[in-house]
Amino acid sequence: MAKAIGARCNMRCAYCYYLGKEALLGSSPGRMSEELLELYIGQRIEAADRGGRGSSVHFEWHGGEPTLLGLGYFKSIARLERKFRPDGAGVTNGLQTNGLVLNGAWAEFLAAERWSVGLSLDGPEEIHDQYRRSAEGGPTHERVLRSYERLREHGAFVNLLCVVTRESAPRPDETYGFFRGIGAKRLQFLPLVTPARRVPGARASLPHPLAATPEVIGDFLCRVFDLWIVSDVGRLVVQNFDEALRPIYGLPHALCLQRESCGNVAVLERDGSLYACDHFVEPEYCIGNIRERGLASLATDPALFAFGEEKRRSLPAACRECECLASCNGGCPKDRIAEAPGGDGLIDYLCPAYKRFFAHAQAKLEALATHMKSGKALKEFVSGSV
């Protein structure tokens, strides 16, 4: 993941965890220079190419708000990728954006270059505008929705990301119904926990004041699952349910927060510094700088490996002995803020929500996995038969 714009953003979301990171980089330039950008892209593709002819590499562009770099900057990215890409190798890109500046030219570029677009949209206008305001304090829902329509009109690949807060968690029907109504094809729910700096193994702490309780989050996931399973299997991919299905189907988890270990989603900041994780951009988690050491060397640094393994190593007994372990693997380390039963560590704040959801969805997910293994089309799955 690269943050060529750092933490700069044209929105002031009430639950943002990254705006404060601007102070970390001090007087460094406000954007990744063209020279550093070229160095990064070249090193990244070179490292991937060591896997042999036909290997592929994926770039993720985040912020802050990366579109503040301008469309010309992203055209330079595409040009540099073509410059360094070996014959037979694949290069793909993802852009995470709030959507405020996505006009027709942006949509055309993203569709033509086959970039995947993660678009933040928290649901209906009343819910979204409660906490996702512009830098000037104004509402943003209408502008984001226009950007979504532009992306769809141009045929871009769009994944909608919805942060679930105390405002939306008690309203699953309204929230999910909104996304169905706008024709969403890919959707991910991100329950808010805390944007505060987290240190693995630190003492228990409170969640963000805008976070819903685990019990309400559990109810939200169960209700949305019930709505999805009866009508939207094969039409709308909900990443939360896809991840829950993976261990049942026999696949490894795709998302880092549900894998046994983490550390493979390192963050490159605008000054060339590599950090262990997007949620741990702090001096003690800085692995090094690509100006001084190659990216391939940084990616195999023992400190990065140790950070990732700490997720598994620090699991308390309650997690290691839990029947849901394969489904969540203790969750994201940043969310481990609750005292574990037995007092031998910390567990994910969302643990009760996950347990409730996994128990609720297990039988139908098993039936869905059986249906998929039979070779039948997803749209033929009828959950009412379970």
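**Notebook: loops, fold and core**

I began with Gly64, which sits in the loop between β2 (56-61) and α3 (71-84). The model is predicted, and I read every entry here with that in mind. I checked the peptide bond from Gly63 to Gly64 and found it cis, with omega near 20°.

**Positive phi values**

I next looked for residues other than glycine with a positive phi. Arg114 has phi near 60°. I placed Arg114 in the loop between α4 (104-112) and β4 (116-120). Asn329 also has a positive phi, of about 50°, and is not a glycine. I found Asn329 in the loop between α13 (325-328) and β11 (336-339).

Is each of these residues buried or exposed? I looked up the relative accessible areas. Arg114 has 74% and counts as exposed, because the cut-off for exposed is over 50%. Asn329 has 8% and counts as buried, because the cut-off for buried is under 20%.

**Whole chain**

I then turned to the chain as a whole. I listed its secondary structure as 14 helices and twelve strands. The C-alpha trace spans about 55 × 50 × 50 Å along its principal axes. I compared the radius of gyration with the value for a compact globule: for 386 residues that would be near 21 Å, and the chain has 21 Å, so the two agree.

I looked at contacts with a separation of 6 or more, and 69% of them come from residues 24 or more positions apart. Of the 386 residues, 52% are buried.

**Surface and charge**

I noted an accessible surface of about 16,900 Å² for the chain, with 52% of that surface belonging to carbon and sulfur atoms. For the charges I have 47 positive and 47 negative, and their mean positions lie 2 Å apart.

**Core**

Which residues have the most contacts inside the largest nonpolar core? I noted Trp61, Phe74, Leu160, Phe179 and Phe189, in a core of 102 residues. In soluble globular proteins, nonpolar side chains tend to be buried together.

I followed up Phe179, leaving aside its neighbours within four places in sequence. Phe179 is in contact with Leu160 and Phe189, both of which are also on the list of residues with the most contacts inside that core. The other contacts of Phe179 are Leu121, Asp122, Gly123, Cys162, Ala184 and Leu187. Apart from the largest core I found another one, of six residues, including Ala7, Tyr18, Tyr275 and Val281.

Terms used. Residues numbered from 1 in each chain as written. Predicted model: local features only at pLDDT ≥ 70, side-chain atom pairs only at ≥ 80, totals over all residues. Heavy atoms only, no water. Helix = DSSP H or I, 4+ residues; strand = E, 2+ residues; numbered from the N terminus. Rg over C-alpha atoms; globule rule 2.2 N^0.38 Å. Buried < 20%, exposed > 50% of the residue type's maximum accessible area, 1.4 Å probe, protein only. Contact = heavy atoms within 4.5 Å. Areas by Shrake-Rupley, 256 points an atom, 1.4 Å probe, with all protein chains shown as cover. Lys, Arg positive; Asp, Glu negative; His and termini not counted. Charge placed at Lys NZ, Arg CZ, Asp CG, Glu CD. Core = buried A, V, L, I, M, F, W, Y, C linked by side-chain atoms within 4.5 Å.
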